[in-house]
Amino acid sequence: MDKVINSYEIMFIADVSKGEEATEATVSKFVSIIEANAEVVDVAKWGKRRLAYPINDMPEGFYTVVTFKSAPDFPNEIERLMNIDESVMRSLVIKLEYDAAEKKAKLVEVAEPATEEVVAEEAASTEE
């Protein structure tokens, strides 16, 4: 039987009250756990943002979104680990209905010709 691999996305908010070094350590800790147990497609560090409502009397948090592909049991484990860690204020894991790696490859293909056209147009305008 084939091994089932699904695409997932996890967003978590890290506590910023202990300083930038502690926040970066928390983010890198969980990204490295995900990298060790899954195929990471994309890591988007949204940065420090104001929360819609205070969580644990804190108005700000560091948002990170990681898109990855893994076996179905890993998302439950990473969510459990984030719930244990006090430096993670909130986390949410969702299963994607599409293959995240294929979608990213298509986006890269679409972006590459567009940048080549812009470079060609800039070169043509400088020659004139």
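1. How much area does the protein chain expose, and what share of it do carbon and sulfur atoms supply? The exposed area is about 8600 Å², and carbon and sulfur atoms supply 52% of it. Accessible areas come from the Shrake-Rupley method with a 1.4 Å probe, and for residues only the protein chains shown count as cover.

2. The model is predicted: local features need pLDDT of at least 70, side-chain atom pairs count only at pLDDT 80 or more, and totals for chains, interfaces and linings use all residues. Residues are numbered from 1 along each chain as its sequence is written, and side-chain values use heavy atoms, with hydrogens and water left out.

3. The protein chain has 3 helices and 4 strands. Along the sequence they follow the pattern β-α-β-β-α-β-α. Helices (H or I, at least four residues) and strands (E, at least two) are DSSP runs, numbered from the N terminus. Of the contacts in the protein chain with a separation of 6 or more, 74% are between residues 24 or more positions apart; contact means heavy atoms within 4.5 Å.

4. Buried residues make up 32% of the 128 residues in the protein chain. Buried means under 20% relative accessible area, exposed means over 50%, and partly exposed lies in between (1.4 Å probe, protein chains only).

5. Which residues have the most contacts inside the largest nonpolar core? They are Ile-10, Phe-12, Ile-34, Val-66, Phe-68, Ile-78 and Met-82, in a core of 17 residues. Strand S1 (6-15), helix H1 (20-37), strand S3 (58-70), H2 and S4 each supply at least two residues of this core. A second, separate core has 6 residues, including Leu-51, Ile-55, Met-58 and Tyr-63. A nonpolar core is a set of buried Ala, Val, Leu, Ile, Met, Phe, Trp, Tyr and Cys residues joined through side-chain atoms within 4.5 Å.

6. Phe-68 deserves a separate entry. Its relative accessible area is 0%, so Phe-68 is buried. Beyond four places in sequence, Phe-68 is in contact with a list of residues that includes Asn-6, Tyr-8, Ile-10, Ile-34, Ala-38, Val-40, Val-41, Phe-74 and Pro-75.

7. The whole structure holds 4 aromatic pairs. One of them joins Phe-68 and Phe-74, edge-to-face, at 5.8 Å centre to centre with 80° between the planes. Rings of Phe, Tyr and Trp (its six-membered ring) pair if their centres lie within 6.5 Å; planes under 30 degrees apart count as stacked, over 60 as edge-to-face and the rest as tilted. Phe-74 is buried, with a relative accessible area of 8%. Ring pairs link Tyr-8, Phe-68 and Phe-74 into a cluster.

8. Why do the buried residues of H2 line one face of the helix? The residues concerned are Phe-74, Pro-75, Ile-78 and Met-82. Seen down the axis of H2, these buried residues fall within an arc of 100°, so they line one face; the arc is that of the directions from the helix axis to the C-beta atoms. S1, H1, S3 and S4 are among the elements that cover them. On the other side of H2, Asn-76, Asn-83 and Ile-84 are exposed.

9. Asp-85 sits in the loop between helix H2 (74-84) and strand S4 (88-95). Its relative accessibility is 17%, so Asp-85 counts as buried. Leaving aside neighbours within four places in sequence, Asp-85 is in contact with Lys-29 and Phe-30. The side chains of Asp-85 and Lys-29 are joined by a polar contact of 2.9 Å. A polar contact is a pair of N or O atoms within 3.5 Å; within protein, one must be able to donate a hydrogen and the other to accept it, and residues adjacent in sequence count only if both atoms are side-chain atoms.

10. Thr-26 lies in helix H1 and is buried at a relative accessible area of 9%. Not counting residues up to four places away in sequence, Thr-26 touches Ala-14, Ser-87 and Val-88.

11. Lys-104 belongs to helix H3 (residues 100-127) and is partly exposed at 36% relative accessibility. Lys-104 and Val-41 are 63 residues apart in sequence, with their C-alpha atoms 7.8 Å apart. Past four places in sequence, Lys-104 touches Val-41 and Asp-42.

12. Two residues in the loop after strand S2 (39-55) should be noted for their backbone angles. Asn-56 has a positive phi of about 55° although it is not a glycine, and Asn-56 is exposed at 56% relative accessible area. Asp-57, in the loop between S2 and S3, has a positive phi of about 60° and is likewise not a glycine. Asp-57 counts as exposed at 75% relative accessibility.
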